[in-house]
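I set aside this session for two look-ups, one on a sheet and one on a pocket. My entries follow in the order in which I made them.

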Amino acid sequence: MGFEEFDVFVIGTGTAGKSVAKECVAEGLKVAIADNREFGGTCANRGCDPKKVLVGLTEILDRAGKMQGRGITKMPEFSWNDLMEFKKTFTSAVPAATEKDLEKLGIKMFHQSPKFLGENTLSVEGKTVTAKKIVIATGNKAMDLPIPGRELPINSDDFLELEELPESIIFIGAGYIGMEFAHIAARCGVEVTVIDGESRSLNNFDKDMVEHLQKASEEIGIKFIFDAEVAEVEKLQTNFRVKADQKGKKIELKAKLVVNAAGRVPSIDELDLEKGNVKYSNKGITVNERLQSPTNKNVYACGDVSASEGLPLTPLSSQEARIVAGNILDKDREKKVDYPPQPSVVFTLPNLASVGLNEKEAKEKGYDFKVEQKYVPQWFNAKRINDDYYAYKTLIDKETGLVLGAHLLGPDAGEMINMFVMAMCGKLPCETLKGMIFSYPSWASDIKAMV
């Protein structure tokens, strides 16, 4: 058995892992990195980037449909196959380019998931490896369904590789993934059903905004079945059958394809964390304010796999990677996590976006606040593109005039929410926002009326 020593061993080649590895090797440390999948991580290969490419087509279809009879005389034709080929121009080169970049920097690469043998010892590709510091940045993966037939549904990774769309799809799960992919499929002509055990979709988002999105989703033909726990998936001759229990009532659904969109879980089951004395939970690797394992101080975790306060988002992965690298290198900069307001966007059409506190959280924290809330499809920006869904809810601290939280629904809410992020990070009172001059007519200019 071979034996190698490193200063830093990084597990995971996504945004977080690459960032730590590159910064450490630049400081002269001997660095290795490993991944059991294609190099480059989830976002670039099979997550937010390729998904947004598919959303780009549906934005055109959605816009054209709403402008029929108002300048558009015929709906554009589309080719799913051509779209997937276009998507590959963003993803196909990622693994090789990532490896070439890491190799050029002198980082040793392994193509297997390591296993802990001890606190500073790993087994990978038949070698025993020791490292002074070990960084876990393995991200999340699709959660297995704990039911008979769990192997039959495809997951989001598979959806992004579909060579053709089926006539009908059942999505199990009404969270981010289920809703975004359901919208893509429905706008491409697929008969879509979404089933979930909760009483509504997107539980982490403002209920009022979600209700508007629900109506918009139903208008494009998406059917929803809530309060239904999926019990089994079966393969029939030409269809799949999904059996579920809805408040004690047995129901059955059939479709050409079933997609497991039930959620994602930390990708840690192959690491043998117990042998490394690394504490973890179903939320991921337990970390302190330095993103360090409290039970093994030589281990750090960053990105989606860390059970930190950061949301499982690519920009947060970069932020956490910076903290980890700073601690390993003992750099003269902030070494404890301090999360700024974190925006979340569901890239359905309309977009659903949120940042900061919701009403329940604001009350629990003891704020005396007011709520500015309206449904405003009559505002010019929505009206000019004939869009019926535009709404906002803003929470404002009465004492300071600062924005505590913003919840938006609209065609460009994913961009507009960034204006609220800037206002909150800059601690700009609402009166200051109202006094600013924005380009008009632009979506950003609408925020002055939202505060």
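The entries below take the sheet before the pocket.

Entry 1, the sheet. I kept in mind throughout that this is a predicted model. Tracing the strand order, I found an open sheet of 4 strands, E10-E9-E8-E14, with parallel pairing. I noted strand E10 (223-225) and strand E14 (257-260) at the edges, where each has a single partner strand, so one side of each is left without a neighbour in the sheet. For the turn between neighbouring strands of this sheet I recorded an average of 20°, with direction ignored.

Entry 2, one pairing and a helix. I then looked at strand E8 (residues 168-172), which runs parallel to E14 and is joined to it by 4 bridges; as one instance, I wrote down Leu-257 in E14 as the bridge partner of Ile-169. I also followed helix H7 (residues 176-187), which lies across E8, strand E9 (191-195) and E10, and runs at about 170° to E8.

Entry 3, the second largest pocket. I read off a space of about 320 Å³ for this pocket. Its lining consists of 14 residues, and I listed Asp-62, Gly-65, Lys-66, Arg-187 and Ile-220 as those that lie nearest the centre. Helix H3 (48-66) and helix H8 (207-219) are the elements that give two or more residues to this lining, and I credited H3 with the largest share, 4 residues. Sorting the lining of the second largest pocket by class, I obtained 7 nonpolar, 2 polar and 5 charged residues.

How values were computed
Residues are numbered from 1 along each chain as its sequence is written. This is a predicted model: local features need pLDDT of at least 70, side-chain atom pairs count only at pLDDT 80 or more; totals for chains, interfaces and linings use all residues. Side-chain values use heavy atoms; hydrogens and water are left out. On a 1 Å grid over the protein atoms alone, a cavity is a set of points where a 1.4 Å probe fits but cannot get out, and a pocket is an open set with protein on both sides within 12 Å along at least five of seven lines; lining residues have an atom within 4 Å of a point. Grid points are joined across faces, edges and corners, and a volume is the space filled by probe spheres set on the points. Ala, Val, Leu, Ile, Met, Phe, Trp, Tyr, Cys and Pro count as nonpolar, Asp, Glu, Lys and Arg as charged, and the others, Gly among them, as polar. Two strands pair if DSSP finds at least two bridges between them. Axes are lines fitted to C-alpha atoms, for helices over the stretch in contact, and angles run from 0 to 180 degrees between N-to-C directions. Contact means heavy atoms within 4.5 Å.
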